[in-house]
Amino acid sequence: MKISILDDYHDTLRTLACFSKLAGHEVTIWNDHVQDVDTLASRLQHTEILVLIRERTKIGAALLSRLDKLRLISQRSVYPHIDVETCSRLGVIVSSGQHADTPSYAAAELTWGLVLAAMRQIPQQMSALRDGKWQIGVGSSVHGKTLGVYGYGRIGSVVAGYARAFGMKVLVWARPASLARAKADGYLIAHTREAFFGESDVISLHLRLVDATTGIVTPTDLARMKPSALIVNTSRAALIERGALVSALRSGRPGMAAIDVFEEEPVLDPQHPLLQLENVVCTPHIGYVSRDEYEIQFSDIFDQIAAYASGTPINVVNPEAVGRQRQRSC
């Protein structure tokens, strides 16, 4: 079958061991990022199976309506970038494993790296050293401080464990079921949402982005944080109300941020407001971008393709599309 893979920036996938699972298929890999519908429609006109790397490219109705041969979209994790309703209407199956039982250690490790980088001013100190300056300020230790984990799931729970190893007190705020798990694991539960934001020295967001969590962190929440506090977001930018983070940082509450996700991606403008703030450490959405994590993720994605090819699609998020599946033109 004809498979297209979008947004493989560094042409990494063909070097993975799991890529052998696509043997026998005709695979085309695109390394640039394109969102223009006309360009994508031209590139994908013969595509039967489309592989997506997380949410890098939006797949909307205008594009889907022009992809007459498309029968399967295979990816991993959530899918707010895919018009699932249109896929169902056109008979395009969307397979996306949610891997709820598989911690993303890569994302958790990046989260912790950002915590240390921001608290100890590592990027700023390195930049100054390259400019011929020796020590530009005094950072802060994490030992003895309070890490607030907002969302105690497969990543938040791992981050909490890292904090414990560094001698931090862990305070959790989440849904009732998640709070029960956190309490069973020996962590503290915030008495109130207000106390969670007010008492934490570092807050790390680990929530799925759905309608109920969009903008869940408000300007009022941020204003309750300490002037010395750090907020870390390696989940999704839209968890924080649009524009609220930049305004809060300029106002001094919280005093720092470490960000791996942005409201619009990719960010190619060096004048982006977050990149202009000295109290912010930014990375380009690399939380899940490690070779080890790619092997796990794309092994699952390619297994979904194999299952579809054998006539038994798995991890189908729109089962109604199966009944409308387009006639194969083998």
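Is phenylalanine 19 buried or exposed? Select phenylalanine 19 and keep the question in mind. The model on screen is predicted. Phenylalanine 19 has a relative accessible area of 17%. Buried means under 20%, so phenylalanine 19 counts as buried.

**Stop 1: the whole chain**

Zoom out. The protein chain has 330 residues, and 48% of them count as buried. Its secondary structure comes to 11 helices and 12 strands. The radius of gyration is 22 Å, close to the 20 Å from the globule rule, so the chain is as compact as a globular protein of that length. Along the principal axes, the C-alpha atoms fill a box of roughly 65 × 50 × 35 Å.

Turn on the surface. Its accessible area comes to about 15,500 Å², and carbon and sulfur atoms account for 53% of that. Then consider contacts between residues at least 6 apart in sequence: 63% of them join residues at least 24 apart.

**Stop 2: the five-stranded sheet**

Switch to cartoon view. Five strands make an open sheet, in the order β2-β1-β3-β4-β5, with parallel pairing. Select 26-29 for β2 and 93-97 for β5; these are the edge strands, each pairing on one side only. Neighbouring strands here are turned by 20° against each other on average, direction ignored.

Now select residues 49-51 and 72-76. These are β3 and β4, which run parallel and are joined by three bridges. Within that pairing, find isoleucine 49, which stands opposite leucine 72 in β4.

Add residues 291-309. This is helix α11, which packs on the sheet and touches β1 (2-5), β3, β4 and β5. The direction of helix α11 makes about 155° with that of β4.

**Stop 3: the aromatic cluster**

Stay with helix α11 and show side chains. The whole structure holds nine aromatic pairs. One of them is phenylalanine 19 with phenylalanine 302, in an edge-to-face arrangement. Their ring centres are 6.2 Å apart, with 75° between the planes. This pair links distant parts of the chain: phenylalanine 19 sits in the loop between β1 and β2, phenylalanine 302 in helix α11, 283 residues apart. Phenylalanine 302 counts as buried, at 0% relative accessibility.

Next, select phenylalanine 298. It forms a tilted pair with phenylalanine 302, at 5.8 Å centre to centre and 45° between the planes. The two residues are four apart in helix α11, so about one helical turn separates them. Phenylalanine 298 is also buried, with 1% relative accessibility.

Which residues complete the cluster? Add Tyr288 and Tyr294: together with Phe19, Phe298 and Phe302 they form one aromatic cluster.

**Stop 4: the seven-stranded sheet**

Move to the other sheet. Seven strands form an open sheet in the order β8-β7-β6-β9-β10-β11-β12, again with parallel pairing. Select 188-189 for β8 and 280-282 for β12 to mark the edges; each of these strands pairs on one side only.

Which strand does β9 pair with over four bridges? Select 202-205 for β9 and 230-233 for its partner, β10; the two pair in the parallel sense. Here valine 202 stands opposite leucine 230 in β10.

Finish with residues 244-251. This is helix α10, packed on the sheet and touching β10, β11 (256-259) and β12. The direction of helix α10 makes about 150° with that of β11.

Methods:
Residues are numbered from 1 along each chain as its sequence is written. This is a predicted model: local features need pLDDT of at least 70, side-chain atom pairs count only at pLDDT 80 or more; totals for chains, interfaces and linings use all residues. Side-chain values use heavy atoms; hydrogens and water are left out. Two strands pair if DSSP finds at least two bridges between them. Axes are lines fitted to C-alpha atoms, for helices over the stretch in contact, and angles run from 0 to 180 degrees between N-to-C directions. Contact means heavy atoms within 4.5 Å. The radius of gyration is taken over C-alpha atoms; the globule rule is 2.2 Å times the number of residues to the power 0.38. Buried means under 20% relative accessible area, exposed over 50%, partly exposed in between (1.4 Å probe, protein chains only). Accessible areas come from the Shrake-Rupley method with a 1.4 Å probe; for residues, only the protein chains shown count as cover. Rings of Phe, Tyr and Trp (its six-membered ring) pair if their centres lie within 6.5 Å; planes under 30 degrees apart count as stacked, over 60 as edge-to-face and the rest as tilted.
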